[in-house]
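This briefing goes through one protein chain, topic by topic. The structure is a predicted model.

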Amino acid sequence: MARGGFPGIPGGNMQQLMKQAQKMQQQMLQLQEDLDGRTYEATAGGGMVRAKVSGKRELLELAIDPQAVDPDDVELLQDMVMAAVNEALRAGEETREREMGRIGGGMGGMF
């Protein structure tokens, strides 16, 4: 092994590798902050229930069309609320995974 070199690392420059890792960490922190600030919205029941969640996975808003409220079928309303909230959360999570994967892939799959 050459002086200062590491097997499998072209050029073996540890200082350069550390700089790349620090840059990647900064990018990830910035992206995480950006993703936390985003909002995701989904509907269920043909738009009768609308849910908005934050990138921090918090329910921000829930709107229910009065026509969706049927005292004889509360279960249907509950299902629509759960579907809308879960779909909004799923959209946020898919975006988070996709965006974070872009940065992680930049280090040759190292992380």
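In which sense do β2 and strand β3 pair, and over how many bridges? The pairing of β2 with β3 (residues 59-64) is antiparallel and runs over five bridges. The chain as a whole has two helices and three strands, and its elements follow the order α-β-β-β-α from the N terminus.

**Strand pairing**

- Strand β1 covers residues 39-44 and strand β2 covers residues 49-54; these two pair in the antiparallel sense over six bridges.
- Y40 has V53 of β2 opposite to it.
- On the β3 side, K52 has E61 as its bridge partner.

**Hairpin turns**

- Four residues lie between the strands in the hairpin of β1 and β2, where G45 takes a positive phi near 65°.
- The hairpin of β2 and β3 also has four residues between its strands. In its turn, R57 has a positive phi of about 65°.

**Internal cavity**

- One cavity of 30 Å³ or more turns up in a search of the whole structure.
- The volume of the largest cavity is about 40 Å³.
- Its lining consists of Y40, V53, S54, G55, R57, A88, L89, G92, E93 and R96. The elements that contribute two or more residues to this lining are β2 and α2 (74-104).
- Helix α2 gives the largest share of the lining, with five residues.
- Sorted by class, the lining residues are four nonpolar, three polar and three charged.
- Two lining residues also appear under the topics above: Y40 and V53 line the cavity, and Y40 stands opposite V53. R57, from the turn between β2 and β3, is another of the lining residues.

**L76 and the first hairpin**

- L76 is located in helix α2.
- L76 has a relative accessible area of 44%. It counts as partly exposed because this value falls between the 20% limit for buried and the 50% limit for exposed.
- L76 and G45 are separated by 31 residues in sequence, and their C-alpha atoms are 9.1 Å apart in space. G45 is the residue with the positive phi in the hairpin of β1 and β2.

**Whole-chain values**

- The chain has 111 residues, of which 26% count as buried.
- Among contacts with a separation of 6 or more, 48% come from residues 24 or more positions apart.
- The exposed area of the chain is about 7,900 Å², and carbon and sulfur atoms supply 51% of it.

Key:
Residues numbered from 1 in each chain as written. Predicted model: local features only at pLDDT ≥ 70, side-chain atom pairs only at ≥ 80, totals over all residues. Heavy atoms only, no water. Pairing = 2+ DSSP bridges. 1 Å grid on protein atoms, 1.4 Å probe; cavity = no way out; pocket = protein on both sides within 12 Å on 5 of 7 lines; lining within 4 Å. Points joined across faces, edges and corners; volume = space filled by probe spheres on them. Nonpolar A, V, L, I, M, F, W, Y, C, P; charged D, E, K, R; others polar. Buried < 20%, exposed > 50% of the residue type's maximum accessible area, 1.4 Å probe, protein only. Contact = heavy atoms within 4.5 Å. Areas by Shrake-Rupley, 256 points an atom, 1.4 Å probe, with all protein chains shown as cover.
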